[in-house]
Amino acid sequence: MIKLISVLLALSIVVPFTAYFVSGKKHGKKCLFGNIIGFFSVMLVTVVALFSGNIALAEGADIASAADGMKYLSAALATGLATVGTGIAVSAAASAALGALSENEKIMGKALIFVAMAEGIALYGLLVSFTILAG
């Protein structure tokens, strides 16, 4: 079952990219949409298969509860989404700070504060993850 899911996941990535390069890069949005739909449909099938209880564990492996799995998944999502948000915020704040700094060199301290505030989002996500894992 795991091998089948791995093959489907690889195909959901390889097939749209192959179609993109074969079509001469004309249908980029359609290929990207196909990639997204294929990837998330395989992930949905994987989650349903894992939580249905049909996949057997190896002998001697202890069974982790669904609550433990959801705890780790939510901690990973908190950290991952916070860092994605940080990347978006820093890209906007840093480019604006560099533009303002090129016009007036006296505002470097203010510009650094705004960039540092955007980077604080990642720290908050990490703190939330630690709180989830501790509880």
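The buried residues of helix H4 are Ala111, Val115, Ala118, Gly120, Gly125 and Ser129, where buried means under 20% relative accessible area, exposed over 50%, and partly exposed in between (1.4 Å probe, protein chains only). The model is predicted: local features need pLDDT of at least 70, side-chain atom pairs count only at pLDDT 80 or more, and totals for chains, interfaces and linings use all residues. Residues are numbered from 1 along each chain as its sequence is written, and side-chain values use heavy atoms, with hydrogens and water left out.

**Overall architecture**

The secondary structure of the chain comprises four helices and zero strands, and along the sequence it follows the pattern α-α-α-α. Helices (H or I, at least four residues) and strands (E, at least two) are DSSP runs, numbered from the N terminus. Of the 135 residues of the chain, 16% count as buried. The chain exposes about 10100 Å², of which carbon and sulfur atoms supply 74%; accessible areas come from the Shrake-Rupley method with a 1.4 Å probe, and for residues only the protein chains shown count as cover. Among contacts (heavy atoms within 4.5 Å) between residues at least 6 apart in sequence, 67% join residues at least 24 apart.

**Helices H2 and H4**

The expected span of a helix is 1.5 Å times one less than its number of residues. The table sets this value beside the distance between the end C-alpha atoms.

| Helix | Length | Expected span | End C-alpha distance |
|---|---|---|---|
| H2 | 25 residues | 36 Å | 36 Å |
| H4 | 27 residues | 39 Å | 39 Å |

For H2 the two values agree, and for H4 they agree as well. In H2, the buried residues are Cys31, Asn35, Gly38, Val42, Thr46 and Ala49.

**Residues of H4 and their surroundings**

Ser129 lies in helix H4, which covers residues 108–134. Ser129 counts as buried because its relative accessible area is 4%. Not counting residues up to four places away in sequence, Ser129 touches Ala75, Ala78 and Thr79. With the side chain of Thr79, the side chain of Ser129 makes a polar contact at 2.4 Å. A polar contact is a pair of N or O atoms within 3.5 Å; within protein, one must be able to donate a hydrogen and the other to accept it, and residues adjacent in sequence count only if both atoms are side-chain atoms.

Phe114 is also found in H4, but this residue is exposed, with a relative accessible area of 55%. Phe114 and Ala93 are 21 residues apart in sequence, and their C-alpha atoms are 6.6 Å apart in space.

Ala92 belongs to helix H3 and is partly exposed, at a relative accessible area of 46%. From Ala92 to Ala118, the separation is 26 residues in sequence and 9.3 Å between C-alpha atoms.

**A nonpolar surface patch**

Val47, Leu50, Phe51, Met70, Leu73, Leu77 and Leu81 form a nonpolar patch on the surface, with about 690 Å² of accessible area together. Patches are made of residues with over 30% relative accessible area and no salt bridge; like charges are joined within 9 Å, and nonpolar side chains (Val, Leu, Ile, Met, Phe, Trp, Tyr) within 5 Å. A salt bridge is a side-chain nitrogen of Lys or Arg within 4 Å of a carboxyl oxygen of Asp or Glu.

Helix H2 (28–52) and helix H3 (66–103) each supply at least two residues of the nonpolar patch. H3 gives the most, with four residues. Leu50 is placed in H2 and is partly exposed, with a relative accessible area of 48%.
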